[in-house]
Amino acid sequence: AVIVSFAESGFSIFCSPSTLILPLILVSGVLYSIDTLALPLKVITYLLPLSHGTEAVRGLMSGTLSMMFVFHMIYLLVCATVLFQTAIQRLEKDLTV
């Protein structure tokens, strides 16, 4: 929804997700461990919601839930809330102008 609120045309709505998804997958720990990344990439990775989602699902699938699972879920909830509110505000602004 946030991407759509920034889009100026239908083509940019189509292209934006594909240009964002690949880098997110490559650094979020989906394909390989975050521990193999260099320190600057680790910092960026831990800010991405996808890395928290990946870790939460790994905990669920392996049956090793810990307090980190709760942290990951809270982080995802906060990110979703902030991004959703941002999208709503931008779309409301565009509709009133």
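In which helix does Leu-50 lie? Leu-50 lies in helix α4, and in this predicted model that helix also contributes to a pocket and holds both partners of a salt bridge, as the paragraphs below set out.

**Overall fold**

The protein chain contains five helices and zero strands, so that, by the DSSP runs used to assign elements, the order from the N terminus reads α-α-α-α-α. Of the 97 residues in the protein chain, buried residues make up 19%.

**The nonpolar surface patch**

Leu-50 belongs to a nonpolar surface patch of about 660 Å², which is made by Leu-20, Leu-22, Leu-24, Leu-26, Val-30, Leu-31, Tyr-32 and Leu-50. Helix α2, which spans residues 10–27, gives the largest share of this patch, namely four residues. Leu-26, one of the patch residues, lies in helix α2 and counts as partly exposed at 36% relative accessibility. Leu-50 has a relative accessible area of 33% and is likewise partly exposed; because patches are made of residues with over 30% relative accessible area and no salt bridge, a value of 33% places Leu-50 above the area cut-off.

**Pairs separated in sequence**

Two pairs of residues link positions around the end of helix α2 with positions further along the chain. The C-alpha atoms of Leu-26 and Thr-45, which are 19 residues apart along the chain, are separated by 9.7 Å. Ile-44 and Val-27 are 17 residues apart in sequence, with a C-alpha to C-alpha distance of 8.4 Å. Ile-44 lies in helix α3, residues 39–47, and its relative accessibility of 45% makes it partly exposed.

**The salt bridge in helix α4**

The count of salt bridges comes to one. In general, side chains of opposite charge can pair when their charged atoms come close. Here the partners are Glu-55 and Arg-58, whose closest N and O atoms are 3.1 Å apart; because the rule asks for a nitrogen within 4 Å of a carboxyl oxygen, that distance of 3.1 Å satisfies it. Both Glu-55 and Arg-58 lie in helix α4, where they are three residues apart, about one turn of the helix. Glu-55 is partly exposed, with a relative accessible area of 30%, and Arg-58 is also partly exposed, with a relative accessible area of 35%.

The accessibility values given so far are gathered here.

| Residue | Relative accessible area | Class |
|---|---|---|
| Leu-26 | 36% | partly exposed |
| Ile-44 | 45% | partly exposed |
| Leu-50 | 33% | partly exposed |
| Glu-55 | 30% | partly exposed |
| Arg-58 | 35% | partly exposed |

**The largest pocket**

The largest pocket holds about 220 Å³ of space. It is lined by 15 residues, of which Tyr-46, Ser-51, Glu-55, Met-68 and His-72 are the closest to its centre. The elements that give two or more residues to this lining are α4 (49–62) and α5 (67–96), and α4 supplies the largest share, with five residues. By residue type, the lining divides into five nonpolar, seven polar and three charged residues.

Glu-55 therefore appears in two of the features described, since under the 4 Å rule for salt bridges it pairs with Arg-58, and it is also among the residues closest to the centre of the largest pocket.

How values were computed. Residues numbered from 1 in each chain as written. Predicted model: local features only at pLDDT ≥ 70, side-chain atom pairs only at ≥ 80, totals over all residues. Heavy atoms only, no water. 1 Å grid on protein atoms, 1.4 Å probe; cavity = no way out; pocket = protein on both sides within 12 Å on 5 of 7 lines; lining within 4 Å. Points joined across faces, edges and corners; volume = space filled by probe spheres on them. Nonpolar A, V, L, I, M, F, W, Y, C, P; charged D, E, K, R; others polar. Patch = residues over 30% accessible without salt bridge, like charges linked within 9 Å, V, L, I, M, F, W, Y side chains within 5 Å. Areas by Shrake-Rupley, 256 points an atom, 1.4 Å probe, with all protein chains shown as cover. Salt bridge = Lys/Arg side-chain N within 4 Å of Asp/Glu carboxyl O. Buried < 20%, exposed > 50% of the residue type's maximum accessible area, 1.4 Å probe, protein only.
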